[in-house]
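Reader: I would like to learn how to read cavities, pockets, patches and ring pairs in a model. Can we take them one at a time?

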Amino acid sequence: MSGSEATLDRRAARGAAKRRRARRGQAIAAISSVVVLGGLAALILTSPGWPDVRDTFFSWSAFKDSFPDVLSAFWLDIKLFVTVEIAVLILGLLVALVRTSATAALFPVRLLAVVFVDLFRGIPTILLVYLVGFGIPALELSGLPTDPLVLGGIALTLSYGAYVAEVYRAGIASVHRSQRDAALAVGLTEGQALRHVILPQAVRRVGPPLLNDFIALQKDVALVSILGVVEAFRQAQIFASSTFNYTPLLGAALLYLCVTVPLARMLDRLGTGASGLTV
Amino acid sequence: MSPQPVLAIRGVTKSFGRLEVLRGVDLEVAEHEAVALIGASGSGKSTLVRCIDLLDEIDDGDIFLDGEVITDPAVDPVAMRRRLALVFQAYNLFPHLTVLENVALGDMRAHGASRGEAESRARSLLERFGLGGRERDRPDDLSGGQQQRVAIARAFAGRPRAMLLDEVTSALDPELVGEVLDAVRDLKAEGVTMLIVTHEMGFAREVADRVGFLHDGRILELGPPERVLSEPERPETQRFLRRLLEAGRI
């Protein structure tokens, strides 16, 4: 009798201790946040240059004047991002499939795929945008695109296609060989095994790293501005250089964040979900 | 005149690098017959089964299915595999598909059945192996014994001429072995031609019409289970069985 009472007492004591620990943890987190963030704010606000920074980077009137134009230019970023992303997903998959194929007849294509990845992954994206954007029109061949937006998109596709090809390839390689054996054993051809068994598993596994590359691409879309395309960053720059006020750039930065942060949260969810394999 | 065997293996050799795994295997499996293959790990049992299903290429010899050579390089391996079925030790179910899709995939993609046909056949097979109601689950949600029964249903869905079972209970917890063996008994009762690689001597004795002892890449002894398992002639077989007995496996 007294034994079971003692057990109950201990259970209550454990519960109270657990609640105490939780409360203490929350209090410590709150205090340290206030100290760190408050300290940083104080440091910035009391810095000698703060009044100037406030006027050139946080001017409400400059923000109001520029934001509609920056926003409408940002639609170009979005359109380019979505188009390039789709092209990257297709190109990357094709290159990965060629690289993982074992057919002797495909050897030259396989070699080409290796060169493709080495080349376009190895060149800085900004340099690639320059080379494609100014090099291809300089050839003066008819039929080749001359629109800087298209050329910039091609450069981004090549660069990110090389990265994404490697992501896909890692995914394909991560599917155990026994899956291919099982697919062949039920009578599928090599192609059917790839299509119905190996690729679906590979693509599910590489979701998080692919999304990571999407976030990077969404920012790098701004690189086409060096070809003279007036997208959000360029539009903000135009305002900034004519008014000597940098607030429009901050407005552009906010717009990029509006896309990348939701993508990042999506990525987190994929990562913490049942190993990202849930369908 | 004895009828033509479903499976005939003649002088098959297979090496991996310098390791000779099969050194001339001869074996026949007649229609409706179940042949159990026993032998120590590394004796070549799994390799033989993989070679028969053309997942590994043999070096020499021939394998015949219904009198037709299947190991000729000119023969399309896909067409031959469609007439055979292999159940793996580790089940190798497709984790991204449901149980029903696992069983229906081969019927649809390899045998040209419509989705409706394939799924209704898959449903009745799952029912038969005690998995009714689990059609929409993923393999990972099942116990090992259930997964292996799905794998057996998947293999059988292709209406194979012969089934190859590669240590189908070796990866299972002891209490789950029985349900998988029941599924195999069920196939045997229906007269399915089978080549069964197994470590379950009691099961081999019960289900197999003949037992073969594979040692060092050759079949050293082949005969009715009572004889091979109770009165083995070869010292190698005697030693193998004594070791199993000492380990409490018989």
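Author: Start with the second largest cavity, which holds about 50 Å³ of space. Keep in mind that this is a predicted model.

Reader: Which residues line the second largest cavity?

Author: Chain B residues: L165(B), E167(B), V168(B), T169(B), L181(B), V184(B), I196(B), V197(B), T198(B) and F203(B). Two elements give two or more residues to this lining, α6 (174–189) and β8 (194–197) of chain B. By class, the lining has 7 nonpolar, 2 polar and 1 charged residues.

Reader: How many cavities of 30 Å³ or more does the structure hold?

Author: There are 2. The largest has about 100 Å³ of space. Its lining counts 17 residues, and those closest to the centre are A185(A), V186(A), A85(B), R154(B) and A155(B).

Reader: Which elements each supply at least two residues of that lining?

Author: From chain A, α7 (177–185); from chain B, β6 (84–87), α3 (99–109) and α5 (144–156). The most comes from β6(B), with 3 residues. Sorted by class, the lining of the largest cavity has 9 nonpolar, 4 polar and 4 charged residues.

Reader: Now pockets. How much space lies in the largest pocket?

Author: About 410 Å³. A pocket is an open set of points, whereas the probe cannot get out of a cavity. The largest pocket has 15 lining residues, and T100(A), R180(A), E190(A), L194(A) and I198(A) lie nearest its centre.

Reader: Which element gives the most to the lining of the largest pocket?

Author: α8(A), with 5 residues. At least two residues each come from α3, α7 and α8 (190–205) of chain A. The lining divides into 7 nonpolar, 5 polar and 3 charged residues.

Reader: On to the surface. Which residues make the nonpolar surface patch of about 810 Å²?

Author: I31(A), V35(A), V36(A), L37(A), L40(A), L43(A), I44(A) and L45(A) make this patch. To place one of them, V36(A) is found in helix α1 (residues 2–45) of chain A.

Reader: Last, the rings. What describes a pair of aromatic rings?

Author: The distance of the centres and the angle of the planes. Over all chains, a search of the whole structure finds 9 aromatic pairs. Take F74(A) and Y256(A): the ring centres are 5.4 Å apart and the planes stand at 85°, so this pair is edge-to-face.

Reader: Where do F74(A) and Y256(A) lie in the chain?

Author: In distant parts, 182 residues apart. F74(A) is in helix α3 (residues 60–100) of chain A, and Y256(A) is in helix α11 (residues 247–272) of chain A.

Conventions:
Residues numbered from 1 in each chain as written. Chains lettered and ligands numbered in written order. Predicted model: local features only at pLDDT ≥ 70, side-chain atom pairs only at ≥ 80, totals over all residues. Heavy atoms only, no water. 1 Å grid on protein atoms, 1.4 Å probe; cavity = no way out; pocket = protein on both sides within 12 Å on 5 of 7 lines; lining within 4 Å. Points joined across faces, edges and corners; volume = space filled by probe spheres on them. Helix = DSSP H or I, 4+ residues; strand = E, 2+ residues; numbered from the N terminus. Nonpolar A, V, L, I, M, F, W, Y, C, P; charged D, E, K, R; others polar. Patch = residues over 30% accessible without salt bridge, like charges linked within 9 Å, V, L, I, M, F, W, Y side chains within 5 Å. Areas by Shrake-Rupley, 256 points an atom, 1.4 Å probe, with all protein chains shown as cover. Salt bridge = Lys/Arg side-chain N within 4 Å of Asp/Glu carboxyl O. Phe/Tyr/Trp six-rings, centres within 6.5 Å; stacked < 30°, edge-to-face > 60°.
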